[in-house]
Amino acid sequence: MERLQKVIAQSGFCSRRKAEKLILEGKVCVNGTKITQLGTKVSYDDVILVNGKLLEKKEDKVYYLLNKPRGVVTTSSDEHQRKTVLDFIPEEKRIYPVGRLDYDTTGVLLLTNDGELTNLLIHPRNHVEKTYIAKVEGLVSKIDIENLCKGIFIDGKKTARAKARIKKIDKKSNTTLVELTICEGRNHQVKKMLEGINHPVIKLKREKFSFLTAAGLKSGEYRRLTVKEVKKLYSEAQK
Ligand code: URA
């Protein structure tokens with residue numbers, strides 16, 4: 001919640017002092033009620049009319065990086081009352097995740113209320129890299145890796161060129177750790193790509209989103225992005 005005069009001024013309609021004057025003069029309505037009290041707090045969902053005209057609100061932008069735990073959904077609310085990624089971040093503004101991680105996937109997840117940056121980051125045209133570490137069934141071969149890089153058909157459409165390498169082979173447990181970097185964000189893409197080479201995923205973690213990692217954050221912990229990081233994300237997405 002923010003003070004009404006701040007929200008009016010932030011929208012660029014007028015200065016904060018002028019906004020206070022308008023409120024005192026009874027020229028401001030919130031959700032159909034005339035407001036003349038200066039301290040009144042409003043939310044960005046409230047409908048504000050100034051001089052009878054709808055105010056186009058501009059909210060401060062916030063940016064978070066969450067180290068998403070397993071067993072958490074990447075939506076704002078869940079019909080089965082499961083924990084959502086938003087439960088980890090005490091933020092009053094309406095933020096939303098940049099793309100999705102599956103319920104059982106862990107690792108780097110960005111959350112923001114900046115729709116422009118979100119669109120830039122998730123559009124495949126902008127080639128923003130996402131790096132995953134997957135523990136898969138079976139022993140992955142060099143040819144499998146080449147196939148992952150060249151592209152795998154998912155639902156009749158080939159995936160774009162990717163980067164892949166074997167991080168570790170464990171003959172004893174018959175599993176392989178694969179690092180896979182993709183620029184798209186199709187539904188369950190990493191799991192489907194690995195299934196496409198007959199090595200189903202056992203565990204999946206997003207290690208990197210562009211240049212950002214979850215270094216220093218325990219599972220479930222989050223931090224705000226710095227101004228420098230936000231600028232770098234814009235420039236990475238607009239390269
Ligand atoms: N690809 C997947 O299959 N799952 C994720 O959570 C992210 C990418």
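**Figure 1. Strand β14 and its pairing with β10 in the predicted model.** In this predicted model, V136 has T176 as its bridge partner in β14. The two residues belong to a pairing in which strand β10 (residues 130-137) and β14 run antiparallel and are joined by 8 bridges. Strand β14 itself spans residues 175-182 and is mostly covered, with 7 of its 8 residues buried. In a regular strand, side chains point alternately to one face of the sheet and to the other.

**Figure 2. The hairpin formed by β13 and β14.** Strand β13 (residues 163-170) pairs with β14 in the antiparallel sense, and 7 bridges connect them. Within this pairing, the bridge partner of I166 is V178 in β14, while K168 stands opposite L177 of the β14 strand. How many residues lie between β13 and β14 in the hairpin? There are 4 residues between the two strands, and N174 in the turn adopts a positive phi of about 55°. β14 is thus shown here with β13, having been shown above with β10.

**Figure 3. The ligand and the residues around it.** The ligand is surrounded by L101, D102, T105, Y132, H188, Q189, V190, K191 and L204. By residue class, this shell consists of 4 nonpolar, 3 polar and 2 charged residues. Which helix supplies the largest share of the shell? Helix α5 (residues 189-196) does, with 3 residues.

**Figure 4. Backbone contacts to the ligand.** For H188, a backbone N or O atom lies 3.2 Å from an oxygen atom of the ligand. For Q189, a backbone N or O atom is found 3.5 Å from an oxygen atom of the ligand. A polar backbone atom of V190 is 3.1 Å from a nitrogen atom of the ligand. Taken alone, the ligand exposes 230 Å², of which the protein buries 95%.

**Figure 5. Domain division and the placement of the ligand.** The chain is divided into domain 1 (2-54), domain 2 (63-124 + 212-237) and domain 3 (129-209). Why does the ligand lie between domain 2 and domain 3? Both of these domains give residues to the shell around the ligand, so the ligand lies between them. The C-alpha centres of domain 1 and domain 2 are 31 Å apart.

**Figure 6. An open sheet of 4 strands.** The strand order in this sheet is β3-β2-β5-β6, with antiparallel pairing. The edge strands are β3 (33-34) and β6 (53-54), each of which pairs on one side only. At the β3 edge, strand β2 (residues 28-30) runs antiparallel to β3 and is joined to it by 2 bridges. Within that pairing, C29 has K34 as its bridge partner in β3.

**Figure 7. Q5 in helix α1.** Q5 lies in helix α1, which covers residues 4-10. Is Q5 buried or exposed? Its relative accessible area is 3%, so Q5 is buried, the cut-off being under 20%. Q5 and K21 are 16 residues apart along the chain, and their C-alpha atoms are separated by 9.2 Å.

Key
Residues are numbered from 1 along each chain as its sequence is written. This is a predicted model: local features need pLDDT of at least 70, side-chain atom pairs count only at pLDDT 80 or more; totals for chains, interfaces and linings use all residues. Side-chain values use heavy atoms; hydrogens and water are left out. Buried means under 20% relative accessible area, exposed over 50%, partly exposed in between (1.4 Å probe, protein chains only). Two strands pair if DSSP finds at least two bridges between them. A residue is near a molecule or strand if one of its heavy atoms lies within 4 Å of it. A polar contact is a pair of N or O atoms within 3.5 Å; within protein, one must be able to donate a hydrogen and the other to accept it, and residues adjacent in sequence count only if both atoms are side-chain atoms. Accessible areas come from the Shrake-Rupley method with a 1.4 Å probe; for residues, only the protein chains shown count as cover. Ala, Val, Leu, Ile, Met, Phe, Trp, Tyr, Cys and Pro count as nonpolar, Asp, Glu, Lys and Arg as charged, and the others, Gly among them, as polar. Domain bounds come from an automatic or database domain assignment.
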